[in-house]
Amino acid sequence: MTRLNLANLDQLSPAATRPAYDPSTLDIGVVHFGPGAFHRAHQAAYFDALASADKRWGICGVSLHSAGVRDALAPQDGLYTLAILDAEIRYQIIGSMREVLVAHDDIEAVFERLTRPSVELVTSTVTEKGYCLAPDWTLDFGHADIVHDLANPQTPKSFIGYVTEGLSRRKAAGLKPFVLIPCDNLPKNGQRLKAAVIAFAARGDAGLAAWIEANLQCPCTMVDSITPATDDALRTRVAEAIGLEDAWPIQREAFTQWVIEEHVHDGGPDWASVGVTLTDNVPAYERAKLRLLNGPHSTLAYAGLHKGYESVSQAVGDPELEQLVRDLMLKDVVPLLEAPKGMDLPAYCEAILKRFRNPAIKHLLSQIAWDGSQKLPIRILSSLSEALERGQDISRFGVPLAAWMRFVRTKAVKGEAITDPLATELLALGAELKDDVSDVKAVLALRSVFPEALAANPKVVAGIEKAYSELLVSRLA
Ligand code: CS2
(Lines give C-alpha, C1' and ligand atoms only; values in the text may rest on other atoms or scores of the structure.)
Protein backbone atom coordinates (compact mmCIF):
# COMPACT_ATOMS: atom_id res chain seq x y z
CA MET A 1 0.00 0.00 0.00
CA THR A 2 1.24 3.52 -0.77
CA ARG A 3 2.68 5.37 2.23
CA LEU A 4 1.22 8.60 3.55
CA ASN A 5 3.57 11.49 2.73
CA LEU A 6 3.50 14.90 1.06
CA ALA A 7 3.95 13.57 -2.46
CA ASN A 8 1.12 11.08 -2.05
CA LEU A 9 -1.39 13.40 -0.41
CA ASP A 10 -3.36 13.64 -3.64
CA GLN A 11 -4.15 9.92 -3.30
CA LEU A 12 -5.78 10.47 0.07
CA SER A 13 -9.35 9.23 0.30
CA PRO A 14 -11.92 12.05 0.37
CA ALA A 15 -13.06 10.55 3.70
CA ALA A 16 -9.99 12.09 5.35
CA THR A 17 -9.36 15.80 5.91
CA ARG A 18 -5.99 17.05 4.69
CA PRO A 19 -4.08 20.04 6.10
CA ALA A 20 -5.63 23.32 4.99
CA TYR A 21 -2.09 24.62 4.26
CA ASP A 22 1.09 23.32 2.68
CA PRO A 23 2.99 21.68 5.56
CA SER A 24 6.33 22.14 3.78
CA THR A 25 5.96 25.92 4.13
CA LEU A 26 5.77 25.94 7.95
CA ASP A 27 8.64 27.38 9.96
CA ILE A 28 9.78 25.63 13.11
CA GLY A 29 8.52 27.80 15.96
CA VAL A 30 7.95 25.11 18.60
CA VAL A 31 10.32 22.53 20.08
CA HIS A 32 8.30 19.81 21.78
CA PHE A 33 9.85 17.28 24.17
CA GLY A 34 8.02 13.94 24.19
CA PRO A 35 6.20 13.69 20.82
CA GLY A 36 4.17 10.66 21.95
CA ALA A 37 0.50 9.94 21.37
CA PHE A 38 -0.87 12.60 23.68
CA HIS A 39 1.15 15.38 22.13
CA ARG A 40 0.20 14.33 18.62
CA ALA A 41 -3.48 14.04 19.60
CA HIS A 42 -3.60 17.33 21.44
CA GLN A 43 -1.07 20.17 21.13
CA ALA A 44 -0.03 19.21 17.58
CA ALA A 45 -3.69 19.38 16.53
CA TYR A 46 -3.94 22.92 17.94
CA PHE A 47 -0.75 23.94 16.10
CA ASP A 48 -2.20 22.33 12.97
CA ALA A 49 -5.29 24.53 13.36
CA LEU A 50 -3.10 27.60 13.87
CA ALA A 51 -1.14 26.84 10.70
CA SER A 52 -3.94 27.80 8.32
CA ALA A 53 -3.54 31.43 9.34
CA ASP A 54 -0.02 31.56 10.77
CA LYS A 55 2.94 29.63 9.39
CA ARG A 56 5.26 30.24 12.35
CA TRP A 57 4.31 27.32 14.60
CA GLY A 58 5.62 24.18 12.97
CA ILE A 59 6.91 21.65 15.52
CA CYS A 60 10.29 20.01 15.99
CA GLY A 61 9.58 16.95 18.18
CA VAL A 62 12.41 15.78 20.44
CA SER A 63 12.32 12.20 21.72
CA LEU A 64 14.49 11.70 24.78
CA HIS A 65 14.46 7.91 24.70
CA SER A 66 13.26 6.06 21.64
CA ALA A 67 13.67 6.46 17.90
CA GLY A 68 10.23 5.01 17.14
CA VAL A 69 8.37 8.23 16.33
CA ARG A 70 11.20 9.63 14.21
CA ASP A 71 11.54 6.41 12.24
CA ALA A 72 7.79 6.17 11.65
CA LEU A 73 7.26 9.80 10.67
CA ALA A 74 10.41 10.60 8.67
CA PRO A 75 9.25 8.62 5.58
CA GLN A 76 5.88 10.35 5.96
CA ASP A 77 7.31 13.90 5.94
CA GLY A 78 5.97 14.22 9.48
CA LEU A 79 2.37 13.61 8.40
CA TYR A 80 0.15 11.31 10.41
CA THR A 81 -3.53 10.58 10.82
CA LEU A 82 -5.55 11.70 13.80
CA ALA A 83 -8.56 9.37 14.10
CA ILE A 84 -11.28 11.07 16.11
CA LEU A 85 -13.39 8.23 17.40
CA ASP A 86 -16.64 9.26 18.98
CA ALA A 87 -20.34 9.55 18.06
CA GLU A 88 -18.98 10.80 14.74
CA ILE A 89 -15.80 9.26 13.30
CA ARG A 90 -13.32 11.57 11.55
CA TYR A 91 -9.87 11.14 10.06
CA GLN A 92 -7.68 14.21 9.89
CA ILE A 93 -4.14 14.42 8.51
CA ILE A 94 -1.99 16.55 10.82
CA GLY A 95 0.80 18.53 9.17
CA SER A 96 2.27 20.55 12.04
CA MET A 97 4.97 18.03 13.07
CA ARG A 98 7.73 19.12 10.77
CA GLU A 99 10.59 17.01 12.12
CA VAL A 100 11.46 14.63 14.92
CA LEU A 101 14.92 14.44 16.50
CA VAL A 102 16.14 11.71 18.81
CA ALA A 103 18.02 13.68 21.42
CA HIS A 104 20.96 11.35 22.08
CA ASP A 105 21.56 10.83 18.34
CA ASP A 106 21.57 14.52 17.56
CA ILE A 107 22.29 16.62 20.62
CA GLU A 108 23.69 19.60 18.73
CA ALA A 109 20.70 19.67 16.38
CA VAL A 110 18.42 19.90 19.44
CA PHE A 111 20.45 22.85 20.77
CA GLU A 112 20.46 24.46 17.34
CA ARG A 113 16.64 24.39 17.35
CA LEU A 114 16.45 25.61 20.96
CA THR A 115 18.60 28.62 20.09
CA ARG A 116 16.86 29.64 16.87
CA PRO A 117 15.38 33.10 17.28
CA SER A 118 12.22 31.85 15.52
CA VAL A 119 11.70 29.15 18.15
CA GLU A 120 9.56 30.98 20.68
CA LEU A 121 7.83 28.03 22.30
CA VAL A 122 9.10 24.93 24.06
CA THR A 123 6.37 22.51 25.10
CA SER A 124 6.56 19.16 26.87
CA THR A 125 4.72 15.91 27.48
CA VAL A 126 7.40 13.92 29.23
CA THR A 127 5.01 12.30 31.79
CA GLU A 128 4.95 13.06 35.50
CA LYS A 129 8.27 11.35 36.11
CA GLY A 130 10.01 13.24 33.31
CA TYR A 131 10.26 16.40 35.42
CA CYS A 132 12.61 14.63 37.90
CA LEU A 133 10.85 16.06 40.94
CA ALA A 134 11.09 14.75 44.50
CA PRO A 135 7.92 14.00 46.52
CA ASP A 136 7.97 17.61 47.79
CA TRP A 137 7.83 18.79 44.14
CA THR A 138 11.28 20.34 44.10
CA LEU A 139 13.99 19.17 41.72
CA ASP A 140 15.33 15.76 42.80
CA PHE A 141 19.08 16.33 42.96
CA GLY A 142 19.51 12.63 43.72
CA HIS A 143 17.90 11.62 40.38
CA ALA A 144 20.51 9.81 38.27
CA ASP A 145 19.78 11.91 35.16
CA ILE A 146 20.04 15.17 37.11
CA VAL A 147 23.33 14.06 38.66
CA HIS A 148 24.56 13.23 35.17
CA ASP A 149 23.37 16.49 33.63
CA LEU A 150 24.92 18.69 36.30
CA ALA A 151 28.25 17.03 35.58
CA ASN A 152 27.73 17.07 31.79
CA PRO A 153 25.55 20.06 30.89
CA GLN A 154 26.51 19.96 27.19
CA THR A 155 25.33 16.36 26.78
CA PRO A 156 22.24 16.14 28.95
CA LYS A 157 19.83 13.25 29.39
CA SER A 158 16.91 14.91 31.15
CA PHE A 159 14.32 17.37 29.90
CA ILE A 160 15.43 19.76 32.68
CA GLY A 161 19.03 19.50 31.48
CA TYR A 162 18.10 20.30 27.86
CA VAL A 163 15.90 23.23 28.79
CA THR A 164 18.47 24.79 31.11
CA GLU A 165 21.35 24.42 28.68
CA GLY A 166 19.11 25.75 25.88
CA LEU A 167 18.28 28.80 28.00
CA SER A 168 21.95 29.27 28.87
CA ARG A 169 22.88 29.32 25.20
CA ARG A 170 20.08 31.75 24.38
CA LYS A 171 21.27 34.07 27.13
CA ALA A 172 24.84 33.87 25.78
CA ALA A 173 23.55 34.69 22.29
CA GLY A 174 21.62 37.70 23.55
CA LEU A 175 18.25 36.10 22.74
CA LYS A 176 15.05 36.20 24.77
CA PRO A 177 14.12 32.93 26.46
CA PHE A 178 11.51 30.78 24.75
CA VAL A 179 8.13 30.52 26.46
CA LEU A 180 8.10 27.15 28.23
CA ILE A 181 4.72 25.37 28.36
CA PRO A 182 4.54 22.02 30.20
CA CYS A 183 1.56 19.85 29.20
CA ASP A 184 1.58 17.00 31.70
CA ASN A 185 -0.98 16.16 34.38
CA LEU A 186 1.02 17.70 37.19
CA PRO A 187 -0.48 20.23 39.58
CA LYS A 188 1.03 23.72 39.22
CA ASN A 189 3.10 22.32 36.35
CA GLY A 190 4.47 25.67 35.12
CA GLN A 191 5.38 26.94 38.55
CA ARG A 192 7.13 23.71 39.50
CA LEU A 193 8.95 23.36 36.21
CA LYS A 194 10.25 26.91 36.39
CA ALA A 195 11.42 26.35 39.97
CA ALA A 196 13.16 23.12 38.93
CA VAL A 197 14.96 24.80 36.03
CA ILE A 198 16.10 27.67 38.26
CA ALA A 199 17.32 25.22 40.92
CA PHE A 200 19.28 23.29 38.30
CA ALA A 201 20.78 26.45 36.78
CA ALA A 202 21.72 27.81 40.21
CA ARG A 203 24.05 24.87 40.84
CA GLY A 204 26.29 25.96 37.99
CA ASP A 205 25.64 29.62 37.30
CA ALA A 206 23.89 32.02 39.67
CA GLY A 207 23.66 34.66 36.92
CA LEU A 208 21.80 32.26 34.65
CA ALA A 209 19.43 31.33 37.46
CA ALA A 210 18.65 34.99 38.10
CA TRP A 211 18.12 35.63 34.36
CA ILE A 212 15.72 32.69 34.13
CA GLU A 213 13.87 33.81 37.22
CA ALA A 214 13.42 37.30 35.81
CA ASN A 215 12.70 36.45 32.18
CA LEU A 216 11.31 32.95 31.69
CA GLN A 217 7.56 32.72 31.12
CA CYS A 218 6.43 29.25 32.16
CA PRO A 219 2.65 29.25 32.39
CA CYS A 220 0.67 26.55 34.16
CA THR A 221 -1.66 24.52 31.95
CA MET A 222 -4.47 22.03 32.03
CA VAL A 223 -4.63 19.58 29.13
CA ASP A 224 -7.38 17.10 28.39
CA SER A 225 -8.26 14.61 25.68
CA ILE A 226 -8.55 10.85 26.10
CA THR A 227 -5.90 9.25 23.89
CA PRO A 228 -5.60 5.47 23.93
CA ALA A 229 -2.29 4.06 22.71
CA THR A 230 -2.05 3.09 19.04
CA ASP A 231 -2.46 -0.58 18.17
CA ASP A 232 -2.47 -2.62 14.96
CA ALA A 233 -6.27 -2.53 14.82
CA LEU A 234 -6.04 1.26 14.53
CA ARG A 235 -3.34 1.05 11.84
CA THR A 236 -5.55 -1.27 9.77
CA ARG A 237 -8.65 0.83 10.30
CA VAL A 238 -6.85 4.04 9.33
CA ALA A 239 -5.31 2.48 6.22
CA GLU A 240 -8.75 1.36 5.06
CA ALA A 241 -10.27 4.75 5.76
CA ILE A 242 -7.61 7.01 4.24
CA GLY A 243 -6.42 4.73 1.43
CA LEU A 244 -2.74 5.15 2.41
CA GLU A 245 -0.46 3.37 4.86
CA ASP A 246 0.33 5.29 8.04
CA ALA A 247 2.94 3.67 10.33
CA TRP A 248 1.82 5.59 13.41
CA PRO A 249 -1.67 7.04 13.40
CA ILE A 250 -3.10 8.43 16.63
CA GLN A 251 -6.59 8.02 18.08
CA ARG A 252 -8.51 10.17 20.50
CA GLU A 253 -12.02 11.16 21.52
CA ALA A 254 -13.68 14.28 20.06
CA PHE A 255 -13.42 16.25 23.32
CA THR A 256 -10.27 18.30 23.69
CA GLN A 257 -9.39 21.13 26.07
CA TRP A 258 -6.26 23.22 26.62
CA VAL A 259 -6.19 25.87 29.32
CA ILE A 260 -3.07 28.04 29.61
CA GLU A 261 -2.24 30.58 32.27
CA GLU A 262 -2.10 34.14 30.98
CA HIS A 263 1.50 35.13 30.32
CA VAL A 264 3.57 37.62 28.40
CA HIS A 265 4.42 36.60 24.84
CA ASP A 266 4.49 39.49 22.40
CA GLY A 267 3.54 38.24 18.98
CA GLY A 268 2.72 34.77 20.31
CA PRO A 269 0.13 32.49 18.69
CA ASP A 270 -3.49 33.57 18.56
CA TRP A 271 -4.42 30.86 21.04
CA ALA A 272 -8.06 31.89 21.36
CA SER A 273 -8.59 31.48 17.60
CA VAL A 274 -8.07 27.70 17.94
CA GLY A 275 -10.08 27.21 21.11
CA VAL A 276 -7.34 27.45 23.76
CA THR A 277 -8.55 29.11 26.97
CA LEU A 278 -6.20 31.69 28.49
CA THR A 279 -7.02 32.38 32.12
CA ASP A 280 -5.57 33.54 35.41
CA ASN A 281 -7.34 30.66 37.15
CA VAL A 282 -5.65 27.51 35.84
CA PRO A 283 -5.58 25.92 39.33
CA ALA A 284 -9.37 25.59 39.40
CA TYR A 285 -9.43 23.86 35.99
CA GLU A 286 -6.45 21.72 36.84
CA ARG A 287 -7.75 20.56 40.21
CA ALA A 288 -11.14 19.71 38.71
CA LYS A 289 -9.55 17.75 35.87
CA LEU A 290 -6.89 15.89 37.85
CA ARG A 291 -9.29 14.88 40.59
CA LEU A 292 -12.52 14.33 38.63
CA LEU A 293 -11.11 12.75 35.49
CA ASN A 294 -7.66 11.36 36.27
CA GLY A 295 -8.55 10.22 39.82
CA PRO A 296 -11.57 8.20 38.65
CA HIS A 297 -9.49 6.92 35.71
CA SER A 298 -6.88 5.48 38.07
CA THR A 299 -9.67 4.12 40.29
CA LEU A 300 -11.27 2.35 37.34
CA ALA A 301 -7.86 1.11 36.21
CA TYR A 302 -6.88 -0.69 39.43
CA ALA A 303 -10.37 -1.69 40.59
CA GLY A 304 -11.32 -2.66 37.03
CA LEU A 305 -8.22 -4.80 36.44
CA HIS A 306 -8.96 -6.55 39.74
CA LYS A 307 -12.39 -7.45 38.39
CA GLY A 308 -10.93 -8.76 35.16
CA TYR A 309 -11.88 -5.86 32.85
CA GLU A 310 -9.63 -4.63 30.07
CA SER A 311 -10.92 -1.21 29.11
CA VAL A 312 -12.37 1.92 30.69
CA SER A 313 -15.73 1.53 28.95
CA GLN A 314 -16.03 -2.04 30.24
CA ALA A 315 -15.11 -1.02 33.79
CA VAL A 316 -17.50 1.92 33.92
CA GLY A 317 -20.18 -0.37 32.46
CA ASP A 318 -20.02 -2.40 35.70
CA PRO A 319 -22.81 -0.93 37.88
CA GLU A 320 -20.81 -1.35 41.09
CA LEU A 321 -17.73 0.42 39.71
CA GLU A 322 -19.82 3.12 38.10
CA GLN A 323 -21.51 3.82 41.43
CA LEU A 324 -18.15 3.90 43.17
CA VAL A 325 -16.59 6.47 40.83
CA ARG A 326 -19.78 8.52 40.67
CA ASP A 327 -19.88 8.72 44.49
CA LEU A 328 -16.17 9.46 44.68
CA MET A 329 -16.59 12.30 42.21
CA LEU A 330 -19.83 13.84 43.39
CA LYS A 331 -19.87 13.12 47.11
CA ASP A 332 -16.18 13.08 47.99
CA VAL A 333 -14.29 15.31 45.54
CA VAL A 334 -16.73 17.96 44.28
CA PRO A 335 -17.16 19.45 47.80
CA LEU A 336 -13.39 20.07 47.86
CA LEU A 337 -13.31 22.07 44.64
CA GLU A 338 -14.00 25.55 43.50
CA ALA A 339 -15.66 25.55 40.07
CA PRO A 340 -13.87 27.49 37.34
CA LYS A 341 -15.98 30.38 36.08
CA GLY A 342 -18.91 29.11 34.06
CA MET A 343 -18.34 25.44 34.96
CA ASP A 344 -21.00 23.36 36.67
CA LEU A 345 -19.09 20.64 38.52
CA PRO A 346 -21.84 17.99 38.71
CA ALA A 347 -22.46 18.45 34.96
CA TYR A 348 -18.68 18.20 34.40
CA CYS A 349 -18.72 14.86 36.27
CA GLU A 350 -21.57 13.52 34.15
CA ALA A 351 -19.80 14.59 30.97
CA ILE A 352 -16.65 12.75 32.12
CA LEU A 353 -18.61 9.57 32.87
CA LYS A 354 -20.12 9.81 29.40
CA ARG A 355 -16.62 10.17 27.92
CA PHE A 356 -15.53 7.07 29.85
CA ARG A 357 -18.43 5.15 28.28
CA ASN A 358 -17.43 6.16 24.71
CA PRO A 359 -17.99 2.88 22.86
CA ALA A 360 -15.92 3.99 19.86
CA ILE A 361 -12.58 3.69 21.69
CA LYS A 362 -10.92 0.94 23.66
CA HIS A 363 -8.85 2.68 26.32
CA LEU A 364 -6.84 -0.01 28.08
CA LEU A 365 -6.87 0.02 31.88
CA SER A 366 -3.33 -1.37 31.77
CA GLN A 367 -2.19 1.86 30.04
CA ILE A 368 -3.73 4.04 32.75
CA ALA A 369 -2.22 1.75 35.42
CA TRP A 370 1.31 2.84 34.41
CA ASP A 371 3.27 4.94 36.88
CA GLY A 372 0.84 4.54 39.78
CA SER A 373 3.47 5.68 42.28
CA GLN A 374 3.60 9.03 40.49
CA LYS A 375 -0.08 9.42 39.68
CA LEU A 376 -1.85 8.37 42.88
CA PRO A 377 -0.43 11.18 45.07
CA ILE A 378 -1.66 13.75 42.53
CA ARG A 379 -4.97 12.16 41.69
CA ILE A 380 -6.13 10.56 44.95
CA LEU A 381 -3.95 11.46 47.95
CA SER A 382 -4.42 15.19 47.35
CA SER A 383 -8.20 14.86 47.69
CA LEU A 384 -7.87 12.39 50.54
CA SER A 385 -5.76 14.84 52.60
CA GLU A 386 -8.18 17.69 52.05
CA ALA A 387 -11.19 15.51 52.84
CA LEU A 388 -9.52 14.49 56.10
CA GLU A 389 -8.85 18.11 57.02
CA ARG A 390 -12.51 18.89 56.52
CA GLY A 391 -13.66 15.90 58.54
CA GLN A 392 -15.33 14.27 55.51
CA ASP A 393 -15.80 10.53 55.28
CA ILE A 394 -12.70 9.20 53.48
CA SER A 395 -13.57 5.53 53.18
CA ARG A 396 -14.13 5.48 49.41
CA PHE A 397 -10.62 6.84 48.74
CA GLY A 398 -9.43 3.55 50.23
CA VAL A 399 -10.61 1.64 47.17
CA PRO A 400 -8.18 2.93 44.50
CA LEU A 401 -5.31 2.75 47.00
CA ALA A 402 -6.13 -0.79 48.10
CA ALA A 403 -6.67 -1.84 44.48
CA TRP A 404 -3.26 -0.44 43.54
CA MET A 405 -1.70 -2.43 46.40
CA ARG A 406 -3.42 -5.57 45.05
CA PHE A 407 -2.17 -4.68 41.57
CA VAL A 408 1.41 -4.53 42.83
CA ARG A 409 1.00 -7.81 44.71
CA THR A 410 -0.55 -9.59 41.71
CA LYS A 411 2.17 -8.42 39.35
CA ALA A 412 4.87 -9.56 41.77
CA VAL A 413 3.28 -12.99 42.25
CA LYS A 414 2.83 -13.50 38.52
CA GLY A 415 6.37 -12.31 37.83
CA GLU A 416 5.07 -9.65 35.44
CA ALA A 417 6.69 -6.28 34.79
CA ILE A 418 5.30 -3.01 36.13
CA THR A 419 5.79 0.23 34.23
CA ASP A 420 6.71 2.61 37.02
CA PRO A 421 9.88 4.45 38.04
CA LEU A 422 9.64 2.55 41.35
CA ALA A 423 9.08 -0.81 39.62
CA THR A 424 12.02 -2.61 41.25
CA GLU A 425 11.09 -1.47 44.74
CA LEU A 426 7.40 -2.17 44.17
CA LEU A 427 7.94 -5.69 42.86
CA ALA A 428 10.24 -6.52 45.77
CA LEU A 429 7.66 -5.19 48.20
CA GLY A 430 4.81 -6.96 46.39
CA ALA A 431 6.62 -10.29 46.69
CA GLU A 432 6.81 -9.85 50.48
CA LEU A 433 3.11 -9.15 50.94
CA LYS A 434 1.12 -11.78 52.79
CA ASP A 435 -2.36 -11.43 51.34
CA ASP A 436 -3.83 -10.16 54.54
CA VAL A 437 -4.56 -6.69 55.92
CA SER A 438 -1.02 -6.34 57.28
CA ASP A 439 -0.07 -5.68 53.64
CA VAL A 440 -1.62 -2.23 53.85
CA LYS A 441 0.77 -0.95 56.50
CA ALA A 442 3.70 -2.51 54.64
CA VAL A 443 2.84 -0.56 51.48
CA LEU A 444 1.96 2.63 53.38
CA ALA A 445 5.57 2.62 54.58
CA LEU A 446 6.66 3.66 51.07
CA ARG A 447 7.59 7.22 51.94
CA SER A 448 8.10 8.27 48.33
CA VAL A 449 4.38 7.68 47.74
CA PHE A 450 2.62 8.12 51.10
CA PRO A 451 3.57 11.07 53.31
CA GLU A 452 4.03 10.22 56.98
CA ALA A 453 1.02 12.28 58.02
CA LEU A 454 -1.32 10.18 55.88
CA ALA A 455 0.30 6.82 56.49
CA ALA A 456 0.09 7.30 60.26
CA ASN A 457 -3.50 8.46 60.28
CA PRO A 458 -5.75 5.73 61.78
CA LYS A 459 -8.71 6.73 59.59
CA VAL A 460 -6.63 6.36 56.45
CA VAL A 461 -5.21 3.02 57.53
CA ALA A 462 -8.68 1.73 58.48
CA GLY A 463 -10.22 2.94 55.21
CA ILE A 464 -7.61 1.22 53.07
CA GLU A 465 -7.63 -1.93 55.20
CA LYS A 466 -11.38 -2.25 54.84
CA ALA A 467 -11.18 -1.89 51.07
CA TYR A 468 -8.21 -4.25 50.91
CA SER A 469 -10.06 -6.96 52.87
CA GLU A 470 -13.01 -6.67 50.52
CA LEU A 471 -10.73 -7.07 47.53
CA LEU A 472 -9.15 -10.15 49.12
CA VAL A 473 -12.58 -11.69 49.53
CA SER A 474 -13.63 -10.91 45.99
CA ARG A 475 -10.35 -12.39 44.75
CA LEU A 476 -11.11 -15.66 46.51
CA ALA A 477 -14.74 -15.73 45.38
C1 CS2 B 1 -5.00 8.85 31.95
C2 CS2 B 1 -4.73 10.13 31.18
O3 CS2 B 1 -3.27 7.39 31.34
C4 CS2 B 1 -3.75 8.06 32.24
O5 CS2 B 1 -3.26 8.07 33.37
O6 CS2 B 1 -5.68 9.16 33.12
O7 CS2 B 1 -3.81 9.96 30.18
C8 CS2 B 1 -6.01 10.74 30.62
O9 CS2 B 1 -6.56 9.92 29.62
C10 CS2 B 1 -5.78 12.12 30.08
O11 CS2 B 1 -5.22 12.92 31.09
C12 CS2 B 1 -7.09 12.72 29.58
O13 CS2 B 1 -6.90 14.05 29.30
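Q: What makes the approach of K375 to the ligand a polar contact?
A: In this predicted model, a polar side-chain atom of K375 is 2.8 Å from an oxygen atom of the ligand. A polar contact is a pair of N or O atoms within 3.5 Å, so the K375 pair counts as one.

Q: Which distances put N294 and H297 under that heading?
A: The side chain of N294 has an N or O atom 3.0 Å from a ligand oxygen. For the side chain of H297, the corresponding distance is 2.8 Å. The cut-off is 3.5 Å, so both pairs are polar contacts.

Q: How much of the ligand's accessible area does the protein cover?
A: On its own the ligand has 340 Å² of accessible area, and the protein covers 90% of that.

Q: What is known of the space that the ligand takes?
A: That space is the largest pocket.

Q: Which residues surround the ligand, and how do they divide by type?
A: Among them are N185, D224, S225, I226, K289, L293, H363, I368 and R379. The shell divides into 3 nonpolar, 5 polar and 4 charged residues.

Q: Which helix gives the most to the shell?
A: α10 does, with 4 residues. Helices α10 (282-306) and α15 (372-389) each supply at least two shell residues.

Q: Why is the ligand said to lie between domain 1 and domain 2?
A: Domain 1 spans 6-279 and domain 2 spans 283-474. Both give residues to the shell around the ligand, so the ligand lies between them.

Conventions
Residues numbered from 1 in each chain as written. Predicted model: local features only at pLDDT ≥ 70, side-chain atom pairs only at ≥ 80, totals over all residues. Heavy atoms only, no water. Near = heavy atom within 4 Å. Polar contact = N/O pair within 3.5 Å; in protein donor to acceptor, adjacent residues only side chain to side chain. Areas by Shrake-Rupley, 256 points an atom, 1.4 Å probe, with all protein chains shown as cover. 1 Å grid on protein atoms, 1.4 Å probe; cavity = no way out; pocket = protein on both sides within 12 Å on 5 of 7 lines; lining within 4 Å. Sits in = over half its atoms within 2 Å of the grid points. Nonpolar A, V, L, I, M, F, W, Y, C, P; charged D, E, K, R; others polar. Domains from an automatic or database assignment.
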